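Visitor: Could you take me through a model feature by feature, giving the general idea before each case?

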Amino acid sequence: MLKETQREWYCDRIREQFYKSYEGNQASFEPPVLRRIDEVVEALALGCTLARPRMFRGRYMEAKDFRRIADKLDGNIMAVAVDALQKNEKTVKNRIWYILGILSRF
């Protein structure tokens, strides 16, 4: 239960920070894009609560590494993740780990 609460806290924090840069105007995004943004936020929140390091792009990343990414998340980083999800919609098997792999570049 604690882990879920922690993940929800990160989701809220990441959403708030991201949408603050758009002055809270989510209406500027189409519904399919909003769903992908939500996927990215939820995956990043999971990354922020990893219990043990995971291998991404040849290096181990811990929760603190994803917290660093969350702290600097902006429209450009989000656009890269959303675009990659859209382009590879049919081929991605595990979307959460795919998203974390994309974000691990930042």
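Guide: We will go from a single helix to helix pairs, and then to individual residues.

Guide: Please keep in mind throughout that this is a predicted model.

Visitor: Let us start with helix α2; what span should its 17 residues have, and how far apart are its end C-alpha atoms?

Guide: The idea is to compare an expected rise with the actual end-to-end distance: at 1.5 Å a residue, helix α2 (residues 31-47) should span 24 Å, and because its end C-alpha atoms are 24 Å apart, the two values agree.

Visitor: Which residues of α2 are buried?

Guide: The buried residues of α2 are R36, I37, V40, V41, A43, L44, A45, L46 and G47. By contrast, E42, which is also found in helix α2, counts as partly exposed because its relative accessibility is 41%.

Visitor: How should I read the packing of two helices, and at what angle do α2 and α4 pack?

Guide: Two packed helices are described by the angle between their axes and the distance between the axes. Here α2 and α4 pack at an angle of about 110°, with their axes 10 Å apart, which means that α2 is roughly perpendicular to α4. The contact is made by V33, R36, I37, E39, V40 and V41 on the α2 side and by M78, A81, V82, L85 and Q86 on the α4 side, and the crossing of α2 and α4 is right-handed.

Visitor: At what angle do α2 and α5 pack, and which residues meet there?

Guide: The angle between α2 and α5 is about 80°, and their axes are 9 Å apart, so α2 is roughly perpendicular to α5. In this pair, E39, V40, A43, L44, L46 and G47 of α2 meet R95, I96, I99, L100 and L103 of α5.

Visitor: How do α4 and α5 pack?

Guide: Helix α4 (residues 75-87) packs with α5 at an angle of about 140°, with the axes 10 Å apart, and that makes α4 oblique to α5. The residues that meet are I77, V80, A81, A84 and L85 in α4 and R95, Y98, I99, I102 and L103 in α5, while the crossing in which α4 passes α5 is right-handed.

Visitor: Turning to positions that are distant along the chain, which residues does E42 contact beyond its neighbours within four places in sequence?

Guide: A useful habit is to set the separation in sequence beside the distance in space. Leaving aside those neighbours, E42 is in contact with C11 and R15, and the C-alpha atoms of E42 and R15, although 27 residues apart along the chain, are separated by 9.2 Å. C11 lies in helix α1 and counts as buried because its relative accessibility is 9%; beyond residues up to four places away in sequence, C11 touches V41, E42 and A45. A further case is E4, placed in helix α1 (residues 2-20), whose C-alpha atom is separated by 9.1 Å from that of T49, 45 residues apart along the chain. With a relative accessible area of 35%, E4 is partly exposed.

Visitor: Is F66 buried or exposed, and what does it touch?

Guide: F66, found in helix α3 (residues 63-72), counts as buried because its relative accessibility is 0%. Not counting residues up to four places away in sequence, F66 touches L44, G47, C48, L50, F56, M61 and L100.

Visitor: How should I read a backbone phi angle, and what is the phi of R57?

Guide: Most residues other than glycine have a negative phi, and most peptide bonds are trans. Against that background, R57 has a positive phi of about 50° although it is not a glycine. R57 is found in the loop between β1 (54-56) and β2 (59-61), and it counts as exposed because its relative accessibility is 61%.

Visitor: Finally, where is S104, and which backbone oxygen lies 2.6 Å from a polar atom of its side chain?

Guide: S104 is placed in the segment after α5 (95-103), and the backbone oxygen in question is that of G101. At 6% relative accessibility, S104 counts as buried, and, leaving aside its neighbours within four places in sequence, S104 is in contact with F56, R57, R59, M61 and I69.

Conventions:
Residues numbered from 1 in each chain as written. Predicted model: local features only at pLDDT ≥ 70, side-chain atom pairs only at ≥ 80, totals over all residues. Heavy atoms only, no water. Helix = DSSP H or I, 4+ residues; strand = E, 2+ residues; numbered from the N terminus. Expected span 1.5 Å × (residues − 1). Buried < 20%, exposed > 50% of the residue type's maximum accessible area, 1.4 Å probe, protein only. Polar contact = N/O pair within 3.5 Å; in protein donor to acceptor, adjacent residues only side chain to side chain. Contact = heavy atoms within 4.5 Å. Axes fitted to C-alpha atoms, helices over the stretch in contact; angles between N-to-C directions. Parallel < 35°, antiparallel > 145°, perpendicular 65-115°, else oblique. Left-handed = near helix turned anticlockwise from the far one by under 90°.
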